[in-house]
Amino acid sequence: MIATLVVLALIFGQLSLLAFGGGNTILPEMQRQVVDVHHWMPASEFSALFALAQAAPGPNMMIVTLIGWHVAGWSGMLVTSLAKFGPSSLVTVAALHAWDRFKDRPWRAIAQKGLAPVTAGLVAASAVLIAQASDTTWLAWNITGVCAALAFTTRIHPLWLLGVGSLIGLVGLGFF
Amino acid sequence: MPSCGEIFKGFLGLGLTSFGGALPLVRRTVVERHRWLSGTEFTDLLGLCQFLPGGNVINLSVAIGMRFRGWRGALAGILGLIAGPSLVVIALGVLYEHTQNDPRVQHLFAGLAAAAAGLLIAMAAKMLLPLRRDPLAAGIAALGFIAIAVLRAPLLPTMLVLTPLSIALASLHARRAGARR
């Protein structure tokens with residue numbers, strides 16, 4: 001049990017410091033560690049937990065909390081939350097002081113410009129891996145495709161898309 | 001200047017009411033409703049939080065708390081933000097585990113997961129779109145995609161190679177643009 005908690009702390013502590021561009025960039029590594037390396041759950045369950053976290057309110061990394069709880073109960077939840085949110089928060093505190101001093105230095109804009117394509121590539125990888133793990137039927141692929149198109153071209157609130165997607169799954173997946 | 005209790009309550013409300021990502025609501029809460037920051041201060045602080053590792057709203061809760069009330073404020077901000085959603089998400093997790101053998105529940109969650117994947121694809125498309133006029137940046141994004149999604153490479157070495165490369169290219173580009181001017 002203690003060993004599991006230590007492994008959770010190491011994995012999520014590392015992910016915390018690598019999450020440039022937000023949580024979605026680290027989803028593939030999280031999936032790799034949780035599913036492929038440690039076999040805590042199959043890929044389909046990882047996707048289900050991701051979907052649950054998306055349906056809940058709050059910042060989009062609540063899947064971390066769910067994984068910790070799923071793997072090792074309340075202590076797992078506490079350890080993963082602390083490991084995921086602690087290190088990046090300490091970096092924020094440290095950077096807050098430096099930020100005002102270096103405000104107008106040109107390297108800041110260059111570093112930001114250099115990070116953007118890395119982030120975009122990682123989020124695209126997340127999207128494909130999550131879709132592959134979630135969509136095992138043609139109806140599910142269609143839900144994904146239509147939701148992606150609607151979210152890309154319109155300003156419909158994401159919660160509507162999640163709600164309608166669930167309903168279509170409930171009604172349709174029993175027949176197809 | 002808000003107290004620690006006010007910071008906690010402000011972010012608690014934000015955490016519990018923001019569905020589908022908290023960012024759109026943060027500005028309304030921090031700038032318009034509580035007037036903790038001016039619009040420019042908010043944009044500047046958000047710029048820092050996007051630049052650093054971690055979720056930008058989570059970093060923002062730490063930064064705002066820290067700016068007003070030091071360590072205790074930072075703790076009040078982040079705890080307020082994640083306390084509510086943590087309990088909600090675990091309640092959903094319990095519900096899921098107890099009902100997951102019911103085929104109707106399985107279908108419901110399969111539909112939910114498919115829709116959530118669609119939202120993620122749309123987000124990726126929106127991030128990739130601005131790169132289409134910059135072949136070098138598009139190449140970096142493609143390399144990152146191939147390493148993670150196709151080769152299933154670990155994240156740490158991928159980022160240790162790609163990030164310095166991408167920043168060096170951006171810097172070279174900026175220097176050339178400067179020389180031309």
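Read along its sequence, chain A runs α-α-α-α-α-α-α, which comes to seven helices and zero strands (DSSP runs, numbered from the N terminus: H or I of at least four residues for a helix, E of at least two for a strand). This is a predicted model, where local features need pLDDT of at least 70 and side-chain atom pairs count only at pLDDT 80 or more, while totals for chains, interfaces and linings use all residues. Residues are numbered from 1 along each chain as its sequence is written, chains are lettered from A in the order in which they are written, and side-chain values use heavy atoms, with hydrogens and water left out.

**Chain A on its own**
- Taken along the principal axes, the C-alpha atoms of chain A fill a box of roughly 60 × 45 × 25 Å.

**Where chain A meets chain B**
- Here 93 residues of chain A are in contact (heavy atoms within 4.5 Å) with 85 residues of chain B.
- The size of an interface is often given as the accessible area lost when the parts come together.
- For chain A and chain B the buried area (the accessible area, with a 1.4 Å probe, that the two lose on being put together, summed over both) is about 7900 Å², and carbon and sulfur atoms give 79% of that.
- Two salt bridges (a side-chain nitrogen of Lys or Arg within 4 Å of a carboxyl oxygen of Asp or Glu) cross the interface.
- One of the salt bridges pairs K113(A) with D134(B), whose closest N and O atoms are 3.9 Å apart.
- Nine residue pairs, both at pLDDT 80 or more, are in polar contact between the chains (N or O atoms within 3.5 Å, one able to donate a hydrogen and the other to accept it; residues adjacent in sequence count only if both atoms are side-chain atoms).
- On the side of chain A that touches chain B, α5(A) gives the most, with 23 residues.
- By class, that side of chain A has 56 nonpolar, 28 polar and nine charged residues (Ala, Val, Leu, Ile, Met, Phe, Trp, Tyr, Cys and Pro are nonpolar; Asp, Glu, Lys and Arg are charged; the others, Gly among them, are polar).

**The second largest pocket**
- This pocket (on a 1 Å grid over the protein atoms alone, an open set of points where a 1.4 Å probe fits, with protein on both sides within 12 Å along at least five of seven lines) has a volume of about 450 Å³, the space filled by probe spheres set on the points.
- Its lining (residues with an atom within 4 Å of a point) counts 19 residues, and L82(A), F85(A), L75(B), I78(B) and L79(B) lie nearest the centre.
- α4(B) brings the largest share of the lining, 10 residues.
- The lining divides into 15 nonpolar, four polar and no charged residues.
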